[in-house]
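Please open the model in your viewer and keep a selection tool at hand. The tour below proceeds by selections, each followed by what there is to find.

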Amino acid sequence: MSTPIRIMLVDDHKTMLWGLEKLIEGGGSDLQLVGTAHNNDSALQQASALKPDVIVLDLDLEGRSSIEILPQLLQDSGARVMILSGNRDQGLLTQAVKLGARGVVRVCAPSRMMRSVLAGLADCRLALPGSGG
């Protein structure tokens, strides 16, 4: 049996977190939810403490941009970060990738794509910016 991919979710919308949790639970023993955060401060604290393999990060957290914490999040956690966003500002999405995010998946992406991207990130394969939308 292989080691599960340890995932942390960062989003300020409870409905989105719930849906992502269900997606991870449905991924079988390959995916494991290790924590959630709802704002920049809790994201930094949780990521540093939990050291997940992958962090799924929303760009807008309680009215603040998570772009501002991305470098520290990467440094403190050692995780690979995937941006999950409904934001269509290509400049902002490109900035996230330049700062170290492994890719961007739109919130409208099919669930099978999300599972594939999570597994790909854990295996060090790079997700393509803007994929899924």
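Contact is taken here to mean heavy atoms within 4.5 Å, and the model you are looking at is a predicted one.

Select helix 3, residues 70-77, and colour its buried residues, which are L70, L73, L74 and S77. Because these residues cover an arc of only 95° around the axis, they are placed on the same side of helix 3. If you now add the surrounding elements, you will find that the buried residues of helix 3 pack against helix 2 (40-50), strand 3 (54-57), strand 6 (80-85) and helix 4 (90-98). After helix 3 comes G78, a residue whose phi is positive, near 75°.

Next, select S66, which sits in the loop between strand 5 (64-65) and helix 3. Is S66 buried or exposed? Its relative accessible area is 0%, and S66 therefore counts as buried, the cut-off for that word being under 20%. Show the polar contact made by the side chain of S66, which reaches the backbone oxygen of D58 at 2.7 Å. Setting aside neighbours within four places in sequence, you can then display the residues in contact with S66, namely N40, L57, D58, L59, D60 and L61.

Finally, move to helix 4, at the start of which a side-chain oxygen of D89 comes to within 3.0 Å of the backbone nitrogen of G91. Following helix 4 you reach G100, where phi is positive, near 125°.

Note on methods: Residues are numbered from 1 along each chain as its sequence is written. This is a predicted model: local features need pLDDT of at least 70, side-chain atom pairs count only at pLDDT 80 or more; totals for chains, interfaces and linings use all residues. Side-chain values use heavy atoms; hydrogens and water are left out. Buried means under 20% relative accessible area, exposed over 50%, partly exposed in between (1.4 Å probe, protein chains only). Helices (H or I, at least four residues) and strands (E, at least two) are DSSP runs, numbered from the N terminus. The arc is that of the directions from the helix axis to the C-beta atoms. A polar contact is a pair of N or O atoms within 3.5 Å; within protein, one must be able to donate a hydrogen and the other to accept it, and residues adjacent in sequence count only if both atoms are side-chain atoms.
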